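The following exercises introduce a structure step by step. Please attempt each task before reading its solution.

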Amino acid sequence: MSVTDAEAAGAASGTAVGPAPTVLTPRLRLVLVLLLASQFMLAVDFSILNVALPVIGEGLGFSLGHLQWIATSFALCAAGFTLLFGRVADLFGRRRLFLGGLVLLGAASLVGGLAQSPEVLIAARVCQGLATAAVTPAGLSLLTTSFPEGPLREKALGLNGALMSAGFTTGAVLGGLLTDLLSWRWAFFINVPVALAVLVIAPTVIKESRPDERPKLDLPGAISVTIGLLAIVFGLTRAGEKGWGSADALLPLAAGVALLLVFYAVERRVSAPLVPLSVLGKRSVAWGNVAGLIAFLTETSLVFLLTLYLQEVLGFSALAAGLSFGVLGIGTVVGGSTAPRVIGKIGTRQTLIVGGILQTVFTVALLGLGDDRSWMWLLLVATFAGGVGNMLVIVGFMVTATSGLADHEQGLATGLATMTQQVGITMGTPIMSAITTAAMTGSGASAVLGGLKVAIAMNAAIVLVGTLTSALFLRGARPSGH
């Protein structure tokens with residue numbers, strides 16, 4: 001980015017006009033801390049209730065069949081509305097949507113923690129999902145417009161990626177600790193003070209960012225893509241429960257695909273599209289998001305597979321299984337903090353390839369796991385190294401998918417990236433669950449281990465495909481200017 005471009009970007013994002021900053025000023029450091037704290041909190045919310053689900057079910061009277069809706073209602077809204085809210089952030093003000101989403105998140109978390117019936121809890125989870133769909137792209141676009149392309153943005157996105165991945169792991173551990181030591185209700189309450197702290201400080205340090213001219217919102221595009229994404233996410237969750245051949249899964253999946261085709265047709269014709277096809281046509285945006293989809297799909301579903309291994313094969317408790325992923329969390333932090341330096345030396349494309357190869361190799365290594373606890377060393381080593389590789393891909397994806405676009409398109413770019421992330425998280429577990437179940441022969445720990453190894457092999461194959469797409473279709477990507 002040239003100095004002139006940086007000045008224009010600064011003016012557009014509400015920062016002082018002048019040369020792009022090359023070091024973190026005290027204000028930028030505080031902006032970074034606030035945005036990262038909110039993103040980490042949202043990542044924790046994806047997994048913090050998983051361990052607590054049986055306890056919540058007993059406490060509020062959820063039937064076993066309806067228990068999964070505590071997670072599904074959140075995931076549906078978080079993934080389905082992200083693209084819409086990413087564009088709304090561009091049109092009406094990123095800070096405004098960010099702060100409004102935090103208010104909703106804090107209120108929904110308080111209501112969820114106080115809930116005395118399944119209906120109130122599900123309503124709170126829906127609102128938490130909507131808040132996540134608003135805060136995540138708004139926060140990411142504030143991050144990318146506050147930090148210019150180059151070392152500072154790569155560092156910010158690296159820390160963001162590391163904390164988001166660590167948040168999924170932390171959520172599992174924290175959920176177990178809070179449920180065992182206090183109550184499952186604290187898995188909700190913990191959001192309230194964090195949201196309040198950010199809401200008190202953020203308005204004084206984060207400046208508003210909105211376009212000079214407000215274009216018309218593409219309502220047909222917004223409706224078709226939102227309902228289409230909701231249908232696909234719903235179909236994927238039903239596939240994990242009912243099987244991929246069931247009508248419960250196939251009908252919403254087919255409806256979702258049809259609506260996304262309608263969305264594409266709408267975007268070709270409207271004057272102010274929700275997603276300009278020129279943006280989707282950029283190789284960095286299209287193939288960067290493919291790499292991100294695969295990175296999130298594979299790593300989050302691998303955690304699911306290894307949770308089954310630890311509990312069903314090795315006999316660990318839920319809390320002990322959660323704590324075992326602490327090493328993976330350390331790997332993601334190491335990967336996220338080193339990724340900006342790696343990108344600076346070899347470029348985003350090479351970083352995506354190196355990270356993908358590393359993740360592939362150590363996912364394959366997990367095929368050596370046995371049926372006793374002496375194999376824990378292999379799990380710990382492989383999850384640490386695979387976590388490093390996965391984070392190199394995630395940060396490389398975020399930098400690739402948000403680079404080369406004007407500031408007024410950053411909400412759209414980060415909305416696409418966030419949608420990719422959340423759809424990947426939602427897709428992975430039902431896909432791997434279905435593969436594991438189909439591959440199991442007989443019953444008992446050995447049958448579970450056999451099914452898990454087939455799913456782990458498929459997981460590694462998907463990572464390899466993602467690495468090959470980056471190598472083939474992102475040619476020409478060069479290291480960012482330093």
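A residue counts as buried when its relative accessible area is under 20%, and as exposed when that area is over 50%. The model examined here is predicted.

**Exercise 1.** Determine what percentage of the residues in the protein chain is buried, and state the secondary structure.

*Solution.* Begin with the cut-off of under 20% relative accessible area. By this criterion, buried residues amount to 56% of the 482 residues in the protein chain. Next, consider the secondary structure: the chain has 20 helices and zero strands. Finally, turn to the surface, where the protein chain exposes about 18600 Å², with 69% supplied by carbon and sulfur atoms.

**Exercise 2.** Describe the largest nonpolar core and identify the helix that gives the most to it.

*Solution.* First, the largest nonpolar core comprises 98 residues. Among the residues with the most contacts inside this core are Phe98, Leu143 and Leu306. Helix 18, residues 376–402, gives the most to this core, contributing 13 residues. Another core, of twelve residues, lies apart from it and includes Trp184 and Phe188. Then follow one member outward: leaving aside residues up to four places away in sequence, Leu306 touches Phe325, Leu366, Leu369, Leu379, Thr383 and Ile456.

**Exercise 3.** Is helix 18 mostly covered or uncovered, and what span does it reach?

*Solution.* Count the buried residues first: 23 of the 27 residues in helix 18 are buried, and the helix is thus mostly covered. Next, compare spans: from first C-alpha to last, helix 18 reaches 38 Å, close to the expected 39 Å. Lastly, Gly404 follows helix 18 and has a positive phi, near 75 degrees.

Terms used:
Residues numbered from 1 in each chain as written. Predicted model: local features only at pLDDT ≥ 70, side-chain atom pairs only at ≥ 80, totals over all residues. Heavy atoms only, no water. Core = buried A, V, L, I, M, F, W, Y, C linked by side-chain atoms within 4.5 Å. Buried < 20%, exposed > 50% of the residue type's maximum accessible area, 1.4 Å probe, protein only. Helix = DSSP H or I, 4+ residues; strand = E, 2+ residues; numbered from the N terminus. Contact = heavy atoms within 4.5 Å. Areas by Shrake-Rupley, 256 points an atom, 1.4 Å probe, with all protein chains shown as cover. Expected span 1.5 Å × (residues − 1).
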